Amino acid sequence: MLNVAAVQRRGIRLTLWFSILIIGICALVAIFGPWIVPHDPTEFVTDEPFGRPQVGIWLGSDYLGRDLLSRLIDGTRTTLVMALVATVLAHLLGDCLGLLAALRGGWVDAVISRIADLILSLPKIIVGLVIVAALGSSVLVIVMLAAVVYAAGVFRIARALGSDLVGMDFIKVAKSRGEGPGWILFSEIFPHVAQPLAADFAIRMSFAILFMSSLSFLGLGVQPPLADWGGLVRENLGGLAGGSLAPIFPAMAIAVTSIALNLLVDNIGEQQLQKKGA
Amino acid sequence: MTSSVLNIQDLVVEPMAGGRPVVDGISISVERGEVLALIGASGSGKTTLALAALGHLRPGLRVQNGSVTLDGTEMLRAAPRMLRSLRGRAIAYIAQSAAAAFNPRMRLDAQITEVSRVHRSRSHKEAIQTAHRLYGRLDLPNPDLVGSRFPHQVSGGQLQRFMIAMGLQESPLLLVCDEPTSALDVTTQVEVLRALKQGIADNNTAALFVSHDLAVVSQIATKIAVLRSGRMIEFGTARDILESPKDAYTKELVAASKHMTISPTSRGGSVAPAPGPEKAPLLAVQKVVAGFGKVTDGSPSVTTLNDISLNLRKGEIVAVIGESGSGKSTLARVIAGLHPAARGEIYMDGKRLAGSVENRTVSERRRIQLVFQSADTALNQKHSVGRILGRVLKFFHGTSGSARETRVAELLKMVQLPPEYANRLPSQLSGGEKQRVNLARALAAEPEVLICDEITSALDTIVAESIIRLVESLSKELGLGIIFISHDLATVSALAQEVTVLRHGRIVESGSTQAVLSAPQNPYTQLLVSSVPQARPGWLEEAVATRNRLRHALEADRSSQALASDGVGNALAITTGP
Amino acid sequence: MLSFILKRVLQTIVLLLAVSILVFIGCEILPGDVAQVALGQFATEDNVRALRLELGLDRPAYERYLSWLVGILQGDWGQSITTKTPVATMLSERLWNTGLLALVTTVVAVPLALVLGLLMAVGAGRTWDRSASIVVLGLSATPEFLIGSLAVLLFAVQLRWLPAVAYLSPGSGFSQTARALFLPVLTLVIVVTAQIARMTRAIIANLLTQPFVEMAVLKGVPSRRIVGVHALINAVGPLANIVALNIAYLVSGVVVVETIFAYPGLAGLMINAVQARDLPVVQACALIFCATYVIMILVADILAHLYDPRSNAQAAMEKL
């Protein structure tokens with residue numbers, strides 16, 4: 001029995017460090033991208049497309065003969081900044097409305113809940129396709145689209161967390177004292193929901209990365225010359241038949257980042273469970 | 001030794017994460033036909049010990065030393081197959097919460113006969129017959145049909161009896177009962193206790209009976225082991241422990257259990273201030289109707305309180321008694337303004353209070369304070385004690401800075417806690433300490449009316465006793481008017497001057513505590529009084545007899561209430577006070 | 001019971017109407033209008049006006065919406081702007097292909113995922129569960145296009161067993177269909193299995209910590225029966241829900257997978273239409289995808305409800 005627990009703990013620590021490492025690297029690359037690219041992302045470094053990896057061109061070249069590593073580094077910033085902004089907006093919108101709905105109840109809750117239900121009952125990628133068909137694809141449209149679509153999910157979680165608490169006696173105590181909704185929200189409720197909402201933020205960001213990458217992969221996301229990871233996969237998909245790994249690297253980048261975010265949340269949740277159990 | 005059904009030797013169980021052992025070197029044995037009670041407060045290790053008898057440890061625990069022998073088999077080292085064949089057949093378990101221990105998606109018959117099924121002891125038909133015979137003996141209605149229900153379709157008391165049936169299905173050598181009645185109302189507890197006692201007697205089964213309630217245990221146990229912090233501090237026959245306890249802790253337990261039984265010369269009446277009729281009540285509740293759902297013509301679609309009136313004077317403690325579903329907590333919330341009444345008024349000092357807390361003035365809100373049942377949910381776990389109390393001081397009195405710190409220390413002293421507790425979080429306090437903080441928060445507002453909603457029901461006997469003493473002294477020192485809501489007549493008899501008994505949202509009887517408790521008029525009150533556990537031989541049989549005698553009157557009473565709730569007989573209201 | 005189903009079906013119909021309005025509006029807020037877009041920047045005023053009349057764009061929006069909706073109910077999905085063929089004809093074959101892809105994926109993935117999740121839950125906390133959990137978490141967070149690309153690289157490029165592109169024509173025989181389906185189905189099965197297995201594990205593992213499971217252990221019930229009977233009968237409702245949600249999720253997965261393998265399905269049609277701004281086709285495809293999704297969620301709800309004895313009691317109470 002003891003061994004199982006030890007193995008488990010070691011396993012947890014390993015995946016936790018892995019996820020922190022990946023997220024750290026992503027952040028650094030996004031910040032310092034322009035200074036660490038080995039080549040200009042628009043410069044042609046090989047004569048033929050899909051050049052093999054070689055010294056100086058570590059990941060080979062893309063479908064036009066540009067340095068793939070440089071393009072990947074360049075795309076990191078676009079991918080992560082867009083996902084981050086969309087997630088922040090989704091959380092600002094979802095958390096405020098969710099806690100408000102939980103606290104106020106009544107028609108406010110009913111109206112916002114119905115709208116959220118409507119958004120959640122539609123497949124996101126199809127909504128994305130229709131919106132892009134209507135408004136065209138620009139960074140603004142895509143970020144706002146992701147923000148609204150994910151705000152509905154955040155709303156649900158914030159509302160559920162909030163309503164669990166609103167029924168608690170300590171909130172009734174505050175209400176019976178005559179505390180205003182602002183104080184109840186920030187002083188009584190917020191400390192309880194901050195951690196689960198932070199966890200949701202990480203998961204939600206991984207969703208946003210996958211969603212935006214999928215749109216780009218379909219050719220409906222950010223448009224050239226701007227390129228995010230999903231766009232890089234699409235551009236280079238043609239090389240696959242010739243055995244080129246060019247589309248695999250950006251796809252790997254998306255997968256690894258998304259997995260790291262998920263593992264991070266998984267580990268934090270598990271550690272909290274263990275703390276509670278002790 | 002050979003005749004022992006169960007023999008536990010030097011058992012030490014400790015948390016895997018390290019720390020103090022949960023069970024620390026206990027040795028006990030149970031002979032055939034004997035009922036051994038394990039008595040102790042929460043955290044005494046009594047449940048861990050009981051489960052060890054089945055060779056079972058909860059996750060996170062491990063055996064460090066010792067042996068557990070059941071009918072010659074070493075349970076701690078037995079192979080899983082061996083354990084399986086003994087569990088349910090030779091040794092059966094009865095859990096505290098039947099509601100959680102039954103599979104919600106399986107019919108009761110299937111769950112009770114599953115024991116026979118997995119042990120292949122008899123045919124399905126025979127198993128069903130055995131089960132139905134047991135239902136009959138345990139006084140379950142329609143024994144041949146009731147088993148086809150799902151667990152949520154029977155009452156809590158019935159479900160607990162089904163669990164007893166499940167335990168007895170294979171006529172085990174040993175029945176392990178873990179607080180089998182403590183989640184029940186007192187009147188239901190009598191039924192279940194009787195059923196259990198009979199079940200054990202019928203089969204000459206040995207039993208290990210875990211409880212925190214000495215009075216309950218005294219009705220059923222032949223021997224008692226008193227546990228504290230994982231150690232057995234006293235062991236003896238039930239009579240010896242009850243009549244001549246030796247250890248100081250046991251003495252305290254016995255004293256608390258005596259205090260918690262109704263004595264005919266209850267102190268309440270004698271200390272009651274003789275209030276002159278000229279003195280207006282501090283708080284008056286008049287003909288309040290409340291419930292849930294849409295209100296039409298002053299009556300909500302589901303009525304939980306009907307025509308409730310009661311008066312409270314300064315320095316007086318009025319008790320409101322009722323079992324679950326009686327509407328007593330709704331009453332607390334109506335007075336506090338958290339649940340507006342559909343009809344009726346509440347007056348404070350002759351001035352009418354608004355129904356909802358938002359429409360009351362700051363001073364009105366300050367003067368009435370509600371203390372909730374569970375300190376775990378009533379205190380914000382993320383705030384320190386100092387912050388919890390400080391906020392109330394700031395909100396009502398504008399106290400800040402060092403004045404606030406001084407006042408927080410004063411409040412903590414008032415509830416007998418050291419001043420350094422101001423820096424602690426609720427999770428760092430024990431159950432009783434949390435309840436004291438909960439009280440201190442109400443006191444911080446400097447109220448005139450304190451509503452205590454079941455504030456002792458989640459606490460161990462000795463801790464509950466000390467909280468009651470505290471409430472009593474606060475009422476005297478501060479001249480508070482206190483509405484003390486409880487399901488427990490015994491608690492109230494020691495404390496309140498006036499008592500009001502609620503049943504199904506109506507007042508069935510009210511008056512001075514002494515009068516109501518020593519000579520109850522209403523059959524329901526009589527039932528309640530007779531159901532309060534007493535640590536004297538023969539109480540259980542008397543309570544069952546009283547129950548059978550009153551059964552008819554209670555049913556008649558219930559149907560007349562049903563008539564009255566149609567809106568015909570509202571004149572039946574009984575008013576309190578002289 | 002029946003009233004619940006009726007209520008949910010009515011809600012779903014209202015929801016579908018709302019969806020159809022949203023889809024319609026979504027395509028209406030296009031800057032410029034359909035006629036302008038269809039004819040391109042260099043069209044003359046007259047040409048645009050003529051096409052507007054032809055398409056009925058001079059009528060008010062609600063009239064056009066109603067005639068569009070009535071048309072759909074009668075099986076008339078309008079006409080494609082780019083190909084000038086009826087949308088219904090374009091849909092029929094593609095719809096079958098996409099349906100086949102989703103069906104085969106479901107039939108393979110659901111049993112696989114349930115067994116996997118169950119095995120993980122039984123061994124909860126052990127090394128096997130820990131490693132399987134990490135793999136499953138990783139796969140469920142991996143984009144379909146990575147799995148799809150790797151599958152192509154392995155099976156089509158390295159091993160040369162299968163075509164990288166899914167050729168599927170109306171007359172294809174069984175073996176050609178199977179070859180065309182293999183890689184798309186494999187990709188979807190991996191993603192869907194990972195997701196369902198993960199949630200199954202969570203549900204069952206949670207049930208196994210319930211007091212009634214401890215009670216069953218103490219009754220001497222063997223662990224096979226505890227997992228297979230006690231836990232499973234409580235999990236059926238939530239599991240049905242999860243399975244239905246994941247089939248609904250296939251709607252999104254299909255879009256990406258059809259693109260990777262150039263699979264001739266509905267999603268491919270829709271993406272081409274979006275790029276060409278062929279709005280009648282976009283509207284039709286969006287409506288079909290959304291309706292499938294909404295109906296799967298309805299089925300999930302009803303299944304979960306049917307299976308809950310407590311809800312039966314509740315329904316009986318409501319009748320009183």
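Colleague: What makes two strands of this predicted model a pair?

Modeller: Two strands count as paired if DSSP finds at least two bridges between them. Strand β6 (residues 91–94) of chain B and β7(B) have 4 bridges, in the parallel sense. The cut-off is at least two bridges, so they are called a pair. Within this pairing, B:Ala92 has B:Leu175 of β7(B) as its bridge partner.

Colleague: How do you know that β7(B) also pairs with strand β8 (residues 206–211) of chain B?

Modeller: DSSP bridges decide this as well. β7(B) and β8(B) are joined in the parallel sense over 5 bridges, and B:Leu174 has B:Ala206 of β8(B) as its bridge partner. Helix α7 (residues 186–203) of chain B completes a right-handed β-α-β unit with β7(B) and β8(B).

Colleague: Why is strand β7 (residues 174–178) of chain B called largely enclosed?

Modeller: Buried means under 20% relative accessible area. In β7(B), 5 of the 5 residues are buried, so the strand is largely enclosed by the rest of the structure.

Colleague: Which residues show that both faces of β7(B) are covered?

Modeller: In a regular strand, side chains alternate between the two faces of the sheet. B:Leu174, B:Val176 and B:Asp178 lie on one side, B:Leu175 and B:Cys177 on the other, and all are buried.

Colleague: How many salt bridges are counted between domain 1 of chain B and domain 2 of chain B?

Modeller: The count is 0 salt bridges. Nevertheless, 12 residues of domain 1 of chain B contact 12 residues of domain 2 of chain B. The two domains bury about 1,200 Å² between them, 56% of it on carbon and sulfur atoms.

Methods
Residues numbered from 1 in each chain as written. Chains lettered and ligands numbered in written order. Predicted model: local features only at pLDDT ≥ 70, side-chain atom pairs only at ≥ 80, totals over all residues. Heavy atoms only, no water. Buried < 20%, exposed > 50% of the residue type's maximum accessible area, 1.4 Å probe, protein only. Right-handed = clockwise from strand over helix to strand, strands pointing away. Contact = heavy atoms within 4.5 Å. Buried area = accessible area lost by both parts, 1.4 Å probe. Salt bridge = Lys/Arg side-chain N within 4 Å of Asp/Glu carboxyl O.
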